[in-house]
Amino acid sequence: MGKKFDALIGRKFKTSKLKTTLNLAISRLSLLKKHRLARFTIARSDIIQLLRLNHHQQALLRVEQVIKDQNILDVYDMIHGYCNLLIQRINFIEQANECPKELEEAVSNLLYGAPRCGEFPELQKIREILTSHFGKEFAEGASELRRNCGVSQIMIQKLSPAQSTLECRMKILTDIAKENGIILQLDISTPEIRKEKVVVEKKIEKQMSFSEAKNYKEATDVAQDAFESAAYDVIAARAAVELARRATVELARSESFVSDGSDSNSDVNELFHSAKDYIISQGQQVNIENKLNSTRIKRLNRQ
């Protein structure tokens with residue numbers, strides 16, 4: 001009923017229109033890639049020139065442009081592949097009322113990338129056609145990155161406006177310097193690098209705080225068990241010491257007896273050695289308990 005109604009009011013999905021627009025988008029990609037590759041080459045040449053002039057700090061700043069150009073080139077390659085896939089399955093798209101699962105990634109990524117790829121009119125047109133066919137809700141889900149939207153994490157990362165990390169920029173700069181036989185010399189105490197290190201450290205602390213909060217109760221329980229176990233062992237050790245003290249007193253007293261001395265000494269010695277064995281066993285038990293508790297706490301911290 002829905003397709004008949006669309007046909008009556010002139011909204012029938014036109015396969016030829018989508019296919020033509022996809023082919024135009026592929027042609028446009030060739031031009032866009034050439035222009036972006038030229039910018040990428042110039043930025044990379046600038047970095048090499050700065051490194052040779054020993055302006056290594058300025059070269060590190062210039063790396064950001066190289067990363068952005070490379071990300072866009074990667075996005076263009078992804079879009080090229082998605083467009084070819086839709087052309088191959090164009091008849092399948094026409095027959096489907098909803099976006100097929102096997103095409104969900106391609107369609108979602110095109111919908112997400114359209115408003116984020118700058119001057120790319122053909123991609124905007126593809127977005128309009130796909131939105132009209134699969135529905136506004138599906139298109140908004142991809143554009144707004146709603147749950148289970150199907151957009152690739154790689155596409156999201158490549159099109160992110162956020163600045164690349166210091167580690168990423170350092171790696172690329174190091175690779176460029178190595179390829180050109182240049183020894184990289186950077187002053188890590190510069191304000192820019194110090195500021196970024198602080199930002200990164202705060203992000204790490206924020207991520208760790210969640211994990212620590214999650215395991216806080218379990219770690220507290222383990223610590224409490226360890227404390228109670230240690231307290232019990234202390235009491236037991238004190239009792240053993242008291243037993244040994246009494247045995248020593250009895251042994252001293254027995255020295256004053258002449259008659260039946262051998263029996264008394266034998267009983268006292270047996271009592272003394274029993275106390276000694278008990279203390280040793282308790283010490284071993286304390287060591288075992290401490291090792292177990294230490295292992296449990298380390299395991300929780302790693303989680």
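Author: Contact here means heavy atoms within 4.5 Å. This is a predicted model, where local features need pLDDT of at least 70, side-chain atom pairs count only at pLDDT 80 or more, and totals for chains, interfaces and linings use all residues. Residues are numbered from 1 along each chain as its sequence is written, and side-chain values use heavy atoms, leaving out hydrogens and water.

Reader: Happy with that. Which residues of α2 and α9 meet?

Author: On the α2 side they are R44, I47, I48 and L51, and they meet L173, I176, A177 and E179 in α9.

Reader: Why are α2 and α9 called roughly perpendicular?

Author: Their axes, lines fitted to C-alpha atoms over the stretch in contact, cross at roughly 70 degrees. Angles of 65 to 115 degrees count as roughly perpendicular (under 35 is roughly parallel, over 145 roughly antiparallel, the rest oblique), so α2 and α9 earn that label.

Reader: What makes R44 and E179 a salt bridge?

Author: The term asks for a side-chain nitrogen of Lys or Arg within 4 Å of a carboxyl oxygen of Asp or Glu. For R44 and E179 the closest N and O atoms are 2.4 Å apart, so the pair fits that rule.

Reader: Why does R44 count as partly exposed, and E179 as exposed?

Author: Buried means under 20% relative accessible area and exposed over 50%, with partly exposed in between (1.4 Å probe, protein chains only). R44 has 23%, so it is partly exposed; E179, at 56%, is therefore exposed.

Reader: And how do you know that E64 and R169 are buried?

Author: E64 has a relative accessible area of 9%, so it is buried, and R169, at 5%, is therefore buried too.

Technical notes. Axes are lines fitted to C-alpha atoms, for helices over the stretch in contact, and angles run from 0 to 180 degrees between N-to-C directions. Helices (H or I, at least four residues) and strands (E, at least two) are DSSP runs, numbered from the N terminus.
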